[in-house]
Amino acid sequence: MKNINTLMISLLLLSLSSLCLAGDYVLLINPVNPAESISRDDLTDILLGKKTTWADGQKIKIAVYKKGEAHRALLKDTVKKSPMQFSLYWKKILFSGSGTPIQIVNNEQEMIDFIIKNPTAIGYIAAAGKIEQLKVIQVIE
Amino acid sequence: MNKKLFTCLLLSIFMLLTISLTGESVSERIRINGFLSQAYVYSSHNDFIPNSSKNGSFEMSEFGLTFSVDITEKLRFGCQFLARDFGPIGNHNVKLDWGFADYKFSNFLGIKAGKIKTPLGLYNEFRDTDALIPMAILPQSIYDESMRPVFIAYNGIGLYGNLDTGSVGDFDYHLFTGTINHPDDAPYINQIQAAVNQGMAELGMSIGQVTMDTELFYGGKIVWNTPLSGLRLGGTYVLTKSVYNSTLYHPLAGALPISGKMEINKTFFLFGELALGNLTLTSEYMELPVNIYLNLFEEDMLLSDEVMQGWYVMAAYTIGDKLTLTALYDRFYADKGDHQGLGAMKMGYPDYFGWQKDLAFGLRFDVNFNWTLKLEWHNFDGLAKSYVFVDLFNTERKWNMLVAKASFNF
């Protein structure tokens, strides 16, 4: 019985830690954007440059970090690429002329400023970061 | 004024003008990126580039500078200048690699006009940016120097987009038409000259410098991003017809103008890529029919009728985020119907000029997001693709090559 309890507790801790890892970023948009949620597939397509407009036809502006835990968690959750692979993916688009390079920001403050400045922007910060002035958008399946 | 300088100036004025009209600062709108790379090549017996079989050679490098600007939400402009050195080819002369205006109506339809990279296979559009290709020397069956001018870029119009079909996955497409530039030193132009001269030698005639112009160039690429995670499949189809002109030197009649045509019909490239975690498998297959005609007395005389055939499989396994091990097996035949090299022997060359096989292993180390180092070893059998710089009277069927390359991008 003791072994079963230990196993149950271990499984519970394991599932909690998985939830924490999956939730290591918070998606943010400008408060004027009416969107309340976004599907994981759409978020993936936005990150890959395949989806470029919101439902109302406005151009999506996205910024990403070069590295960091929030960035790694988002990429793992969506495009299934490491930060290095994701960077190379966008360099292929850039150097082949297939598209404009994705906006890179250096820290969370730059990300927040970017979203405040652009009404159609989407970005993310670490789960523990500040989210005042911005609107949180949920990722749905 | 120098034509290249004029082009650069014109592009710069256009970009600055469009930005000033939108009222935003230049620094906010223009993105400037670039790359540079330098290789060292050492080969045994045969020269991959001049002198690579003696002391090795550093004559393999690239430098590119890219400008891109979003003029409006749907209209953007970009250009890339490229200077490359590959033995005697390029010599770091700056050329417009691509430069075009792009209007995107929606995710599924956009139009480009200008000089555009030909969307051929998996790597053609960024083959000169070392960080973006898995090995320093791409599979020669598909990405060698001999046909590069035909396939590197076109001047014309392209339609492109992404069609999302839901559960079936999505499709990227790019349809194109226009013209291509044939540089005077393109290897196939020298081949035409050699083929005509060989046919005329018995009659005591020869031809001079060949110049070539495109009559027709069109094709398309489609990529199916399958619902299976990491799997994409695709193909490119290209058709082109070019005419060439030269001067025939006749012992009695003197110099006479002559012409002919080169047709590359029904060329196709099929490719697939499977990314499974840290392992990426890629493969491509190509058939490239080339017909060369000489026009004599209003009649087209067939000089050459070959279907080039090539394929490769490549594996790349990444350890951590920085180190990648690569392996390649590559095969090419100068003529699909002649795997024994009989055609090469007819021309007076050894049979191994009819094929080329490459077994290669490499290491790639991404030092950081900007620096990449590569080291690789190639074991070749045959010379059907790497004949351009060899001493034709002193070749070896089996040869090896070591390549070290460093590249930087920003």
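**Entry 1. Chain A, overall**

I began with the contacts of chain A: among those between residues at least 6 apart in sequence, 70% join residues at least 24 apart. I note at the outset that this is a predicted model. For the secondary structure of chain A I recorded five helices and seven strands. Read from the N terminus, the elements of chain A follow the order α-β-β-α-β-α-α-β-α-β-β-β. I then looked up burial and found that 26% of the 141 residues of chain A count as buried.

**Entry 2. The sheet of chain A**

I traced an open sheet of five strands in chain A, with the order 4-3-5-1-6 and mixed pairing. Strand 4 and strand 6 (135-136) of chain A are at the edges; each has a single partner strand, so one side of each has no neighbour in the sheet. I checked the pairing of strand 6 of chain A with strand 1 of chain A, which is antiparallel and comprises two bridges. Within strand 6 of chain A, A:V136 is the residue opposite A:L28.

I next examined what lies on this sheet. Helix 3 (residues 69-77) of chain A lies across strand 1, strand 3 and strand 5 of chain A. Its direction makes an angle of about 120° with strand 5 of chain A.

**Entry 3. Helix 5 of chain A**

Which residues of helix 5 (residues 108-117) of chain A are buried? I listed A:M111, A:I112 and A:I115. Viewed down the axis of helix 5 of chain A, these buried residues fall within an arc of 95°, and they therefore line one face of the helix. I recall the general rule that an α-helix has 3.6 residues a turn, so residues three or four places apart point the same way.

I then asked what the buried residues of helix 5 of chain A pack against. The partners are strand 1 (25-29), strand 3 (61-65), strand 4 (103-105) and strand 5 (121-126) of chain A. On the face turned away from the buried side of helix 5 of chain A, I found the exposed residues A:Q109 and A:K117.

**Entry 4. Helix 2 of chain A**

I repeated the search for helix 2 (residues 40-47) of chain A, whose buried residues are A:L43, A:D45, A:I46 and A:L47. The cover over these buried residues includes strand 2 (37-39), strand 3, strand 5 and strand 7 (138-140) of chain A. After helix 2 of chain A comes A:G49, for which I noted a positive phi near 80°.

**Entry 5. Strands 5, 6 and 7 of chain B**

I turned to chain B and followed strand 6 to its partners. Strand 5 (residues 109-117) of chain B pairs with strand 6 of chain B in the antiparallel sense, over eight bridges. One position I looked up is B:I111, whose bridge partner in strand 6 of chain B is B:L159. Strand 6 and strand 7 of chain B also run antiparallel and are joined by 10 bridges. Here B:G161 has B:Y173 in strand 7 of chain B as its bridge partner.

The hairpin of strand 6 and strand 7 of chain B has five residues between the strands. In this hairpin I recorded a positive phi near 65° at B:G166.

**Entry 6. B:T165**

I located B:T165 in the loop between strand 6 (153-164) and strand 7 (170-179) of chain B. Is B:T165 buried or exposed? B:T165 counts as exposed because it has 11 C-beta neighbours inside 10 Å, the cut-off for exposure being 12 or fewer. Leaving out residues up to four places away in sequence, I found that B:T165 touches B:D170 and B:F171. I also looked up B:P227, which is 62 residues from B:T165 along the chain; their C-alpha atoms are separated by 9.9 Å.

**Entry 7. The contact between the chains**

How many residues of chain B are in contact with chain A? I recorded 27 residues of chain B in contact with 19 residues of chain A. On the side of chain B that touches chain A, the elements giving two or more residues are strand 1 (30-43), strand 2 (60-70), strand 3 (75-86), strand 4 (94-106) and strand 5 of chain B. Strand 2 of chain B gives the most to this side, with four residues. By character, the residues of this side of chain B divide into eight nonpolar, 11 polar and eight charged.

**Entry 8. Confidence**

For the complex, the predictor gives an ipTM of 0.86 and a pTM of 0.85. The average pLDDT of chain B is 89, and 93% of the residues score at least 70. Among the elements of chain B, I noted the lowest mean pLDDT (58) for helix 1 (residues 3-22) and the highest (98) for strand 14 (residues 323-333).

Notes. Residues numbered from 1 in each chain as written. Chains lettered and ligands numbered in written order. Predicted model: local features only at pLDDT ≥ 70, side-chain atom pairs only at ≥ 80, totals over all residues. Buried ≥ 20, exposed ≤ 12 C-beta atoms within 10 Å, placed from the backbone. Contact = placed C-beta atoms within 7 Å. Arc of directions from axis to C-beta. Pairing = 2+ DSSP bridges. Nonpolar A, V, L, I, M, F, W, Y, C, P; charged D, E, K, R; others polar. Axes fitted to C-alpha atoms, helices over the stretch in contact; angles between N-to-C directions. pLDDT = per-residue confidence, 0-100.
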